[in-house]
Amino acid sequence: MSRTSRTIGALALLALIGAAVAWAVLSGGDSDETTAASSPPAPAAPQAVKEQPAHEKPRLELSDRGQPIVWLRHGAQIPIRSAPGGKVVKTLRWRTPFHSRTVLSVFRHVGRWAGVPTPLLPTGQLGWVKLDPSKLRAGWTPYAIDVDLSERAGQLRRGNRVLRSFTVTVGAPGTSTPTGHFAVTDIFRGNLNPAYGCCAVATTARQPHLPSGWLGGDRIAIHGTTGPLGIAASHGCVRAANEDVNALVNRVRLGSPVVIRQ
């Protein structure tokens, strides 16, 4: 199968506002020293694993700067559990289905366990992964995306500072955009169907209310458009002007938090 065919098949999962179309795949690097974030800027430095007493197992230390993130080492796979030490419900691999590096935003931390959002679980449900330094590396991201559905407004933030504000189109009645705390899983640039504009940011959010007969997948993305803004018209994705989404993909990193509120 050609690279173009594989790309068309994978990106159909993100197409929630029209017929399934081809997307361009952005792959992360293979080195354990990166977070597979978008090319500019470079990801924050990984956190060192602190020395442990001889009787204790090594522990992965999370960052206390910005939003802590962890990513899988090259070739690794880890179980996702229903709770710290709980039942295994899914398995994460070091690459996403779109071939980006798997980077997880840590929303909760209990001992050696991290609660992370993942599209492998229902929207709003955290999965739990063990902070094993042989499987994971740790770092942080300063960026976040905030979407207010009622105001039809989005923001790119660095900490408490708003870097950019922009108008968005959101899900139509019956296919409303899901609310909650999510994270960036993949970033796409260029060679997209014109309906998706310049670029797109895929998130862990999933659409639980797909329209009848829809075969394009249930993943929620923030993507470009040349169509009208400030209305409720999509199948769940968040649309913004190309220049605004371009600003997002040039700043946010994989694992950056995405908050969508009503």
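How many disulfides does a search of the whole structure find? It finds one, and we'll get there after a look around.

**Before you click**

This is a predicted model, where local features need pLDDT of at least 70, side-chain atom pairs count only at pLDDT 80 or more, and totals for chains, interfaces and linings use all residues. Residues are numbered from 1 along each chain as its sequence is written, and side-chain values use heavy atoms, with hydrogens and water left out.

**Stop 1: the whole protein**

Switch on the cartoon. The protein has two helices and 17 strands; helices (H or I, at least four residues) and strands (E, at least two) are DSSP runs, numbered from the N terminus. Of the 262 residues, 50% are buried. Buried here means under 20% relative accessible area, exposed over 50%, and partly exposed in between, with a 1.4 Å probe and protein chains only. Take the contacts between residues at least 6 apart in sequence: 66% of them join residues at least 24 apart. Contact means heavy atoms within 4.5 Å.

**Stop 2: a three-stranded sheet**

Select β4, β1 and β8. In that order they make an open sheet with antiparallel pairing; two strands pair if DSSP finds at least two bridges between them. β4 (103-105) and β8 (136-141) are the edge strands, each with a single partner, so one side of each has no neighbour in the sheet. On average, neighbouring strands here are turned by 30 degrees against each other, direction ignored. For such angles, axes are lines fitted to C-alpha atoms (for helices over the stretch in contact), and the angles run from 0 to 180 degrees between N-to-C directions.

Now zoom in on β1, residues 67-72, which is joined to β8 by six bridges. Click Trp 71 and look across to β8 for its bridge partner, Arg 137.

**Stop 3: the β2-β3 hairpin**

Select residues 77-81, which form β2. Ile 78 and Ile 80 sit on its covered face, while Gln 77, Pro 79 and Arg 81 are on the uncovered one. Five bridges tie β2 to β3, and the two run antiparallel. Pro 79 has Thr 91 of β3 as its bridge partner. The hairpin has six residues between the strands, and Gly 85 takes a positive phi near 75 degrees.

**Stop 4: β16 and its neighbours**

Select 238-241 for β16, which runs antiparallel to β11 (residues 161-171) with two bridges between them. β14 (residues 219-225) is joined to β16 by four bridges, this time in parallel. Center on Ala 240: Val 168 has it as a bridge partner, and Gly 224 stands opposite it.

Step back to Gly 236, in the loop between β15 (232-234) and β16. Gly 236 is buried, at 0% relative accessible area. Draw a distance from its C-alpha atom to that of Pro 173, and you should get 9.5 Å for a pair 63 residues apart along the chain. Next, click Cys 237, which is also buried, at 0% relative accessibility.

**Stop 5: the disulfide**

Which cysteines form the disulfide? Show Cys 198 and Cys 199 as sticks: their sulfur atoms are 2.2 Å apart, and a disulfide here is a pair of cysteine sulfur atoms within 2.5 Å. The torsion about the S-S bond is about -45 degrees, so this disulfide is left-handed. Cys 198 is partly exposed at 24% relative accessible area, whereas Cys 199 is buried at 1%.

**Stop 6: the cores**

Select Ile 145 and Val 201, the residues with the most contacts inside the largest nonpolar core, which has 28 residues. A nonpolar core is a set of buried Ala, Val, Leu, Ile, Met, Phe, Trp, Tyr and Cys residues joined through side-chain atoms within 4.5 Å. Leaving aside neighbours within four places in sequence, the contacts of Val 201 include Ile 145, Val 184, Ile 222 and Leu 248. A second, separate core has 18 residues, among them Val 70, Val 116, Leu 121 and Leu 136.

**Stop 7: two rings**

Finish with the one aromatic pair in the structure. The rings of Phe 98 and Phe 188 have centres 5.5 Å apart and planes at 85 degrees, so they are edge-to-face. Rings of Phe, Tyr and Trp (its six-membered ring) pair if their centres lie within 6.5 Å; planes under 30 degrees apart count as stacked, over 60 as edge-to-face and the rest as tilted. Phe 98 lies in the loop between β3 (88-93) and β4, and Phe 188 in β12 (residues 180-189), 90 residues apart. Phe 98 is buried at 0% relative accessible area, and Phe 188 is buried at 0% too.
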